[in-house]
Amino acid sequence: MDVPNITVTVPGKYAANAGNPPPFVIPALREWYGGKGNYTLPNNPALVIDTRDTAALLPGVTVFKADLQQLTGSRQISIRTGQPRKGDIYFSLHSPDRSLEKEGYQLEIAGDIRIQATHAQGAFWATRTLLQILEQDRQHRHIPQGITRDYPKYAVRGFVLDVGRKFFSMEFLRHYVKFMAYYKMNDFHVHLNDNAFKQFFGDNWDSTYAAFRLENNTFPGLTAKDGSYSKKAFIALQDLADSCAVKIIPEIDVPAHSLAFTKAVPQTASLLYGKDHLNLDSASYDMIDKVFREYLQGPEPVFKGDEVHIGTDEYSKKEAEKFRAFTDHYIRYVESFGKKVRMWGSLTHAQGTTPVKSAGVTMNAWYNGYADPADMMRQGYDLISTPDGWLYIVPAAGYYYDYLDVAKIYQQWEPNMIGEAVFPMGHPQIKGGAFAVWNDHSGNGITEQDVHDRVFPSMQVLAEKMWNGHTPQSDYQQFSTRSRLIGEGPGLNMRAKITSRDSVALQYDFSANNIIDISGNNRTAGQQHQVSISPQKTLVLHGGNSYLNTPLTEVGYPYSIEFDLKPAADNQPGAVLFSSPHAVVKYDGGKLGFSREGYHYHFNYSFSASKVAHVKIAGDNKGTSLFINGQLVEKLEGAMRSFPNTKGKNAIIQTLVFPLQTIGDSVNAFKGEIDNLKVIQHP
């Protein structure tokens with residue numbers, strides 16, 4: 001119930017804190033009592049599990065061991081059961097504090113570390129706290145002594161990723177499970193199918209981009225040809241998520257956003273409302289029943305978790321009664337396999353008399369005109385606050401947000417706010433919140449790393465807002481400054497940030513055969529194959545199988561790369577200058593260009609064979625620029641595509657996370673000389 005604001009003072013267990021201040025982590029610790037001095041991680045730390053809790057805790061402790069090894073470089077970390085000794089990290093699910101519930105934990109840091117929780121999920125969150133503290137310590141060994149009691153304000157802390165209109169690799173999704181877990185975000189909603197807007201495809205549904213991303217045996221033509229996930233890989237993703245305290249929510253979006261289905265089975269397409277609408281007759285029911293059944297049936301279903309999302313958004317309101325019947329059918333159908341149902345819900349938009357089941361159903365409340373949250377709660381739905389006006393990222397589309405307004409979110413938003421509606425704190429039907437990336441403009445050149453650049457600051461802020469809400473200690477300026485010290489989690493670096501003494505991360509002058517880094521960062525070159533140093537002390541690449549490896553994979557935004565380039569006259573088309581797993585910089589027809597994720601760009605500048613030019617390539621999250629001999633010759637940024645019969649335009653994203661792993665190539669290397677290579681990472 002809602003009550004007037006009254007102040008209640010609850011006496012704490014401890015007097016005023018005179019010891020260590022609370023360590024900075026994201027999300028912030030709910031309660032802290034500081035001790036004196038630090039716990040120091042031993043050279044050979046042991047992770048000790050309460051013998052009574054081995055089965056429940058071992059998966060998460062195993063993940064923690066790998067993360068600790070990655071962060072500290074130590075290989076001598078053991079796992080055992082029993083009682084802790086000095087320096088050990090001890091895990092138990094026999095906390096006497098039952099009010100910690102599923103995700104809470106108590107952490108006592110002294111000569112050893114003791115984690116007490118009531119569920120494995122809470123114990124796992126304690127390990128994320130420890131890792132974040134260790135990440136900020138230069139030696140990755142020291143943790144301030146004290147006691148914390150930590151627990152979330154909201155049960156659902158989510159992120160929605162549209163993989164339908166842009167393919168994201170399974171490697172990316174697996175990274176995101178770990179990245180979300182690092183910030184105690186527990187709900188990863190994967191939107192498996194969608195389609196682009198037909199006005200950008202000649203107003204022709206047949207040529208409009210659409211994709212369904214999961215292997216399907218019943219309708220083999222349904223699965224996208226340009227990127228999909230095998231059932232085995234999707235199950236493995238959920239297994240990984242289980243070990244990291246994250247829930248995967250798979251979404252099959254019907255009956256709108258359904259062009260992938262109607263292309264596979266044309267008789268399911270609506271003739272009245274467009275082929276992105278199912279026609280809501282027997283052919284559609286038959287197909288969609290079979291699709292859900294394939295992933296839900298049997299003792300080991302493809303959708304392992306306890307919740308499945310059925311879409312149900314933005315269908316024409318002229319068919320409200322049919323839409324409501326369709327929605328009710330799939331709620332009950334998915335529930336018949338023992339799952340709980342989530343949906344977007346358009347029941348304010350599609351008002352009618354046909355009943356739609358609400359008991360046990362959770363709705364993403366994104367736009368109050370489609371589903372009025374107060375009315376939906378009166379009808380019995382639980383809600384996940386997903387307000388588009390606060391939390392929708394649509395990269396480079398010119399509407400919603402390209403980057404969320406994280407300062408405003410930090411200072412003003414909490415999941416009890418859905419659109420303009422504000423509900424009492426602690427409302428039992430508001431389960432939490434989620435933010436979303438929608439890749440509406442298919443084919444605009446956006447990359448996984450570009451999307452991640454948008455998500456990263458939002459993940460940090462929304463993790464804070466959904467674990468803590470707004471507290472008297474909330475201070476955005478302090479949060480913004482200190483959050484820069486925390487990354488994506490051990491072993492993850494999708495933003496390609498480089499640790500460096502100063503802005504120069506690597507510098508080679510090729511003055512000796514042993515190619516050393518004169519930046520002071522000790523990044524000596526690695527493997528060399530059929531390269532040489534000229535009498536003029538330049539690196540000579542000989543074309544074909546000729547390369548040099550560096551210790552860096554790539555550098556993220558903003559950066560500048562400088563080098564002297566002297567091309568030979570007989571380079572092969574597409575000769576490779578630099579490459580990484582994500583991108584290639586090429587010399588093609590006398591011009592420099594780059595490729596990433598199947599998109600190809602070139603700079604309109606022609607080099608002269610056998611003539612040295614000083615090259616600088618500068619990149620940020622908006623585009624990529626080429627400078628020759630100190631002069632800007634072209635900036636690949638801000639380009640737009642227009643289309644006949646519509647005023648709408650699409651951005652052409654021409655960004656580059658610069659590849660550094662290999663100079664040259666094992667098949668088609670650049671032919672010529674490179675000198676004075678400098679990698680500069682700007683703040």
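Two residues are in contact here when they have heavy atoms within 4.5 Å of each other. Keep that in mind as you click around, and remember that this is a predicted model.

**Stop 1: Phe188 and the core**

Select Phe188. Leaving out residues up to four places away in sequence, Phe188 touches Phe159, Leu161, Leu173, Tyr176, Val177, Met180, Val246, Lys247, Ile248 and Ile249. Show those as sticks and you have a good starting view. The largest nonpolar core has 140 residues, and Phe188 and Phe292 are the ones that touch the most other members. There is also a second, separate core of 46 residues; to find it, pick Tyr587, Tyr601, Ile628 and Leu636, which are included in it.

**Stop 2: strands β9, β12 and β13**

Now go to strand β12, residues 247-254. Seven of its eight residues are buried, so β12 is largely enclosed by the rest of the structure. Which strands pair with it? On one hand there is β9 (residues 187-191), which runs parallel to β12 and is joined to it by five bridges. To see the register, select Asp187 and look for Lys247 of β12 standing opposite. Then there is β13 (residues 307-311), also parallel to β12 and joined to it by two bridges. Here the pair to pick is Glu251 with His309 of β13, which stand opposite each other.

**Stop 3: helix α3**

Colour residues 170-182, which make up helix α3. Its 13 residues should span 18 Å at 1.5 Å a residue, and the end C-alpha atoms are 19 Å apart, so the two agree. Which of its residues are buried? They are Met170, Phe172, Leu173, Tyr176, Val177, Phe179, Met180, Ala181 and Tyr182. Some of these names should ring a bell: Leu173, Tyr176, Val177 and Met180 are among the residues touched by Phe188. Show cartoons around α3 and you'll find its buried residues packing against α2, β8 (156-162), β9, α4 (231-243), β12 and α11. Just past the end of α3, check the backbone of Lys184, where phi is positive at about 60°.

**Stop 4: Gln121 and Ala245**

Next, select Gln121 in helix α2 (residues 120-136). Is this residue buried or exposed? Its relative accessibility is 16%, under the 20% cut-off, so Gln121 counts as buried. Beyond neighbours within four places in sequence, its contacts are Lys102, Glu103, Asn186 and Ala245. Zoom in on Glu103: its side chain and that of Gln121 are joined by a polar contact of 3.3 Å. For a distance label, try Gln121 to Lys465: their C-alpha atoms are 19 Å apart, with their positions 344 residues apart along the chain.

From Gln121, hop to its contact Ala245, which sits in the loop between α4 and β12. Ala245 has a positive phi, near 65°, although it is not a glycine. With a relative accessibility of 13%, Ala245 counts as buried.

**Stop 5: Asp67 and Arg128**

Move to helix α1 (residues 54-72) and pick Asp67. At 12% relative accessibility, Asp67 counts as buried. Which residues does it touch? Apart from those up to four places away in sequence, Asp67 touches Arg128, Leu131 and Pro490. With Arg128 there is a polar contact between the side chains, at 2.7 Å.

**Stop 6: helix α11**

Select residues 448-467 for helix α11. At 1.5 Å a residue its 20 residues should span 28 Å, and the end C-alpha atoms lie 27 Å apart, which agrees. Follow the axis and you'll come to a kink of about 30° at Val455, shortly before the proline Pro457. The helix is mostly covered, with 19 of its 20 residues buried. Just after α11 comes Gly469, where phi is positive at about 70°.

**Stop 7: backbone oddities**

A few backbone spots are left. Start with the peptide bond from Ile26 to Pro27, which is cis with omega near 0°; Pro27 is in the segment before β1 (31-40). Then jump to Tyr557 and Pro558: the bond between them is cis as well, with omega near -15°. You'll find Pro558 in the loop between β25 (554-555) and β26 (559-567). Finish at Ala396, a residue other than glycine with a positive phi, near 55°, in the loop between β17 (392-393) and α10 (406-412).

Key. Residues are numbered from 1 along each chain as its sequence is written. This is a predicted model: local features need pLDDT of at least 70, side-chain atom pairs count only at pLDDT 80 or more; totals for chains, interfaces and linings use all residues. Side-chain values use heavy atoms; hydrogens and water are left out. Helices (H or I, at least four residues) and strands (E, at least two) are DSSP runs, numbered from the N terminus. The expected span of a helix is 1.5 Å times one less than its number of residues. The bend at a residue is the angle between axes fitted to the seven residues ending there and the seven starting there. Buried means under 20% relative accessible area, exposed over 50%, partly exposed in between (1.4 Å probe, protein chains only). A polar contact is a pair of N or O atoms within 3.5 Å; within protein, one must be able to donate a hydrogen and the other to accept it, and residues adjacent in sequence count only if both atoms are side-chain atoms. A nonpolar core is a set of buried Ala, Val, Leu, Ile, Met, Phe, Trp, Tyr and Cys residues joined through side-chain atoms within 4.5 Å. Two strands pair if DSSP finds at least two bridges between them.
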